[in-house]
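The exercises below are meant to be worked through with the structure in view. Each one sets a task and then gives a solution in steps.

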Amino acid sequence: MKTPLEEQAHVLGEMGLTRFFRRMMAEKPDVLMKNVTVEAVRPGRWIRVEGRWVRNFGSDSFLGLDQHPRVQEALVRGVRQWGTHNGTSRAFSSVAANVEAEQRLAAWLGTEAAVMYPSVSLANMGALPALATRHDVIVADQYAHNSIEEGMRLAKARGVRCAKFAHNDPQDLERTLRALRPYRRAVIALDGVYSMSGQLPPLRQFQHIASLHDGFLYVDDAHGTGVIGEQGRGTVWETLGHYENVVVIGSLSKALSCLGGFAAASRKVVEILQLRSQPLIFGGPVPPPYLSALLAVLDILMSPEYVQLRAALDANVRCFVEGARRLGLVLLGGCVPIVSVLVGPEDTTLQAGRFLFERGYYVQSVVFPAVPHGAGVLRIQINSNHTDDAIHGLVEALAELKRAYPLPEAEANVPSCSPPVLSVTAIPA
Ligand SMILES: Cc1ncc(COP(=O)(O)O)c(C=O)c1O
């Protein structure tokens, strides 16, 4: 006899997206490359999967800092200094490394203060509801990260009215805000870099609209942290040149290759987040060894070595984007280290990922619901430690793919931005 728990699991397995995924797994076990197990890694972004060594184009460690000896040594030193975990919520106590890491993060970004969460998802689920009351509204870009949506759900449960506006569409943002009137304040939530397409938001226009409609910007810059603009401070600094009327959310787990997320803003706003974010009060912190590693990463971000890492990354992005454009592929993004090649139907997208894997290149096949139905993409993450050989080889493999499958053809090879828009100011030695 089935237990109520097993019966429940059966019912849940027959619902909506869960059913869709289970069907795909059952029907296409040979092409579906979800839940890939990486058996081993080697320098130069090699991974072993299914017993074969392939080049990994699916890593968010854009600057290769996961492999940096000083970062690795700092992590080990952190274990010796603090143990593996301090085992308490920050509402009770913090290790000194946490306080130092937050001060140094804020100093690097140029904000008054910063507060760290164990992940960006928890930052969005903690900070968004903390910033609104039932007199306020939250509006989010329709393609903002799922954790923004989760944060909105939590806010909604406490009486905050929430809505979405069309992707990267300032006019629709204005329409949406007008329709929600009357309200006291509007939180306008969006991504600094869209993680599935590498596209950037029209931040200046959004900022202007926020100022006209009693609003402020809440920018999840998880994929901009460390790789956009001067010293890698991210999309907001690069585009606006200030942080006024903005809350920036950043990642410590992607380009920074540590663990966690953060919110950065004025001291007053950060204090409110510390007092009102439930995950900070009822949950645990980033484990201290990762704080030691983060301090080593911040040293690198502020040093001349960063300029070299960024130059290598930018050159790799440029080389890949130019190669892929020459093939006439439809590219989304192309300005940052996430570049997506449009494929279209779900089936073809999955087959295309497998095709590249068979030729020695792992990229992520992204299909609905992460992207709209019928708009599947190959998501390619370029890293500074990819070799020329790997970049050219991937372009070659894409050329072969294009001969084998009916991929959408770019109308004109006009870049949506000249890659990369990432400006680096040389830091004196
Ligand atoms: C824009 C954005 N926000 C949040 C997240 C989630 O980050 P985390 O893994 O730290 O929860 C991601 C992950 O890729 C992301 O792209």
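**Exercise 1.** Find the bridge partner of Val41 in strand 2, and then place the pair in its sheet.

Solution. Begin with the partner itself: in this predicted model, Val41 stands opposite Ile47 of strand 2. Next, look at the two strands that carry the pair, for strand 1 and strand 2 are joined in the antiparallel sense by four bridges. Then widen the view to the whole sheet, which is open, has mixed pairing and consists of four strands in the order 1-2-3-13. Its edges are formed by strand 1 and strand 13 (361-362), each of which pairs on one side only.

Finally, examine the loop between strand 1 (38-42) and strand 2 (46-49), where Arg45 is found. Arg45 is not a glycine, and yet its phi is positive, at about 60°. Because 25 C-beta neighbours lie inside 10 Å, and 20 are enough for the term, Arg45 counts as buried.

**Exercise 2.** Work out which strands stand at the edges of the seven-stranded sheet, and why one side of each is left without a neighbour.

Solution. First read the order of this open sheet, which is 4-10-9-8-7-5-6, with mixed pairing. The ends of that order are strand 4 (113-117) and strand 6 (161-165), and each has a single partner strand, so one side of each has no neighbour in the sheet. From one strand to the next, the twist averages 20°.

Now take the pairing at one edge, where strand 5 (residues 137-141) runs parallel to strand 6 and is joined to it by five bridges. Within this pairing, Asp141 stands opposite Phe165 of strand 6. A helix can then be added to the picture, since helix 4 (residues 96-109) packs on the sheet and touches strand 4, strand 9 (246-251) and strand 10 (261-265). The direction of helix 4 makes about 125° with that of strand 4.

**Exercise 3.** Decide whether Ser257 and Val286 are buried or exposed.

Solution. Start with Ser257, which lies in the loop between strand 9 and strand 10. Its C-beta atom has 25 others within 10 Å, and because the cut-off is 20 or more, Ser257 is buried. The backbone of Ser257 also deserves a look, as phi is near 55°, a positive value in a residue other than glycine.

Turn next to Val286, in the loop between helix 11 (278-282) and helix 12 (288-301). Here the count is 26 C-beta neighbours inside 10 Å, so Val286 is buried by that cut-off too. If neighbours within four places in sequence are left aside, the contacts of Val286 are Met116, Pro118, Leu259, Gly260 and Leu291. Leu356, by contrast, is 70 residues away along the chain, and 36 Å separate its C-alpha atom from that of Val286.

**Exercise 4.** Trace the partners of strand 12 and say how many of its seven residues are buried.

Solution. On the question of burial, strand 12 (residues 338-344) is mostly covered, with five of its seven residues buried. As for partners, strand 11 (residues 331-333) runs antiparallel to strand 12 and is joined to it by three bridges, and Leu332 stands opposite Ser340. The hairpin made by strand 11 and strand 12 has four residues between the strands, and Gly334 takes a positive phi near 100° there. Strand 12 is also joined to strand 15, again in the antiparallel sense, by six bridges, with Ile380 of strand 15 as the bridge partner of Val339.

**Exercise 5.** Locate the cis peptide bond from Arg181 to Pro182 and the one that joins Phe368 and Pro369.

Solution. For the bond from Arg181 to Pro182, omega is near 5°, and Pro182 is found in the loop between helix 7 (170-180) and strand 7 (186-191). For the bond between Phe368 and Pro369, omega is about 10°, and Pro369 belongs to the loop between strand 14 (364-366) and strand 15 (376-381).

**Exercise 6.** Describe the residues around the ligand, and state which come nearest.

Solution. There are 13 residues around the ligand, and Ser119, Val120, Ser121, His145 and Ser195 come nearest. Sorted by character, the shell divides into two nonpolar, nine polar and two charged residues.

Note on methods
Residues are numbered from 1 along each chain as its sequence is written. This is a predicted model: local features need pLDDT of at least 70, side-chain atom pairs count only at pLDDT 80 or more; totals for chains, interfaces and linings use all residues. Two strands pair if DSSP finds at least two bridges between them. Axes are lines fitted to C-alpha atoms, for helices over the stretch in contact, and angles run from 0 to 180 degrees between N-to-C directions. Two residues are in contact if their C-beta atoms, placed from the backbone, lie within 7 Å. A residue is near a molecule or strand if its C-beta atom, placed from the backbone, lies within 6 Å of it. Ala, Val, Leu, Ile, Met, Phe, Trp, Tyr, Cys and Pro count as nonpolar, Asp, Glu, Lys and Arg as charged, and the others, Gly among them, as polar. A residue is buried if 20 or more other C-beta atoms lie within 10 Å of its own, exposed if 12 or fewer, and partly exposed in between; C-beta atoms are placed from the backbone.
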